Amino acid sequence: MTPLKAGDIAPQFSLPDQDGELISLTDFQGQRVLVYFYPKAMTPGCTVQACRLRDNMDDLKKAGVEVLGISTDKPEKLSRFAEKELLNFTLLSDEDHQVAGQFGVWGEKSFMGKTYDGIHRISFLVGVDGAIEKVFDDFKTSNHHDIVLAYLKSV
């Protein structure tokens with residue numbers, strides 16, 4: 001597993017959102033987009049991460065950043081997750097983990113002694129030029145939003 005680095009061009013993709021509508025990265029051309037990969041909707045860590053982004057959406061919007069959350073969950077599950085947690089950003093379904101693979105975040109993981117393939121929790125800030133501006137790979141689910149906002153304030 002080799003995640004994309006700052007300066008790499010973000011792969012173009014189209015995925016179904018929580019409502020089953022196809023959303024493409026090109027829909028956000030000329031905008032900064034936080035593409036964040038998370039393992040599984042409605043699990044404790046992923047819920048904390050999503051809710052903290054939700055609660056800080058005003059600051060992210062002020063910084064001109066849209067948010068796209070990507071997991072391998074089906075659109076129906078994403079819809080329930082967004083509804084239950086009142087999420088105010090788009091969730092995308094990457095069931096065959098093709099986009100996760102293109103970003104280099106699909107790979108071997110281990111949990112409670114078991115090894116399996118899955119999505120690694122890594123976020124990419126895609127700049128207005130379509131290149132990866134910043135990679136966020138060192139955070140906790142509870143402070144992901146703080147790390148992203150601190151970076152946005154520093155540039």
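Student: Is Tyr 116 buried, exposed or partly exposed, and what relative accessibility does this residue have?

Tutor: This is a predicted model, and in it Tyr 116 has 37% relative accessibility, so the residue counts as partly exposed, between the 20% under which a residue is buried and the 50% over which it is exposed. Tyr 116 has its place in strand 7, which covers residues 114-119.

Student: Which residues form a nonpolar patch on the surface with Tyr 116?

Tutor: The patch is made up of Phe 111, Met 112 and Tyr 116, and together they have about 390 Å² of accessible area.

Student: How is a pair of aromatic rings described?

Tutor: Two quantities are used, the distance of the centres and the angle of the planes. This structure holds eight aromatic pairs. One of them joins Phe 136 and Tyr 151, with 5.8 Å from centre to centre and 75° between the planes, and is edge-to-face. Because Phe 136 lies in strand 9 (residues 132-136) and Tyr 151 in helix 5 (residues 144-154), this pair ties together parts that are 15 residues apart in sequence. Both Phe 136 and Tyr 151 are buried.

Student: Which residues form one aromatic cluster?

Tutor: One such cluster consists of Phe 13, Phe 37, Phe 103 and Phe 124.

Student: Turning to a charged side chain, is Glu 85 buried or exposed?

Tutor: Glu 85, which is found in helix 3 (residues 75-85), has a relative accessible area of 13% and is therefore buried. When its neighbours within four places in sequence are left aside, Glu 85 is in contact with Thr 47, Cys 51 and Arg 54.

Terms used. Residues numbered from 1 in each chain as written. Predicted model: local features only at pLDDT ≥ 70, side-chain atom pairs only at ≥ 80, totals over all residues. Heavy atoms only, no water. Phe/Tyr/Trp six-rings, centres within 6.5 Å; stacked < 30°, edge-to-face > 60°. Helix = DSSP H or I, 4+ residues; strand = E, 2+ residues; numbered from the N terminus. Buried < 20%, exposed > 50% of the residue type's maximum accessible area, 1.4 Å probe, protein only. Patch = residues over 30% accessible without salt bridge, like charges linked within 9 Å, V, L, I, M, F, W, Y side chains within 5 Å. Areas by Shrake-Rupley, 256 points an atom, 1.4 Å probe, with all protein chains shown as cover. Salt bridge = Lys/Arg side-chain N within 4 Å of Asp/Glu carboxyl O. Contact = heavy atoms within 4.5 Å.
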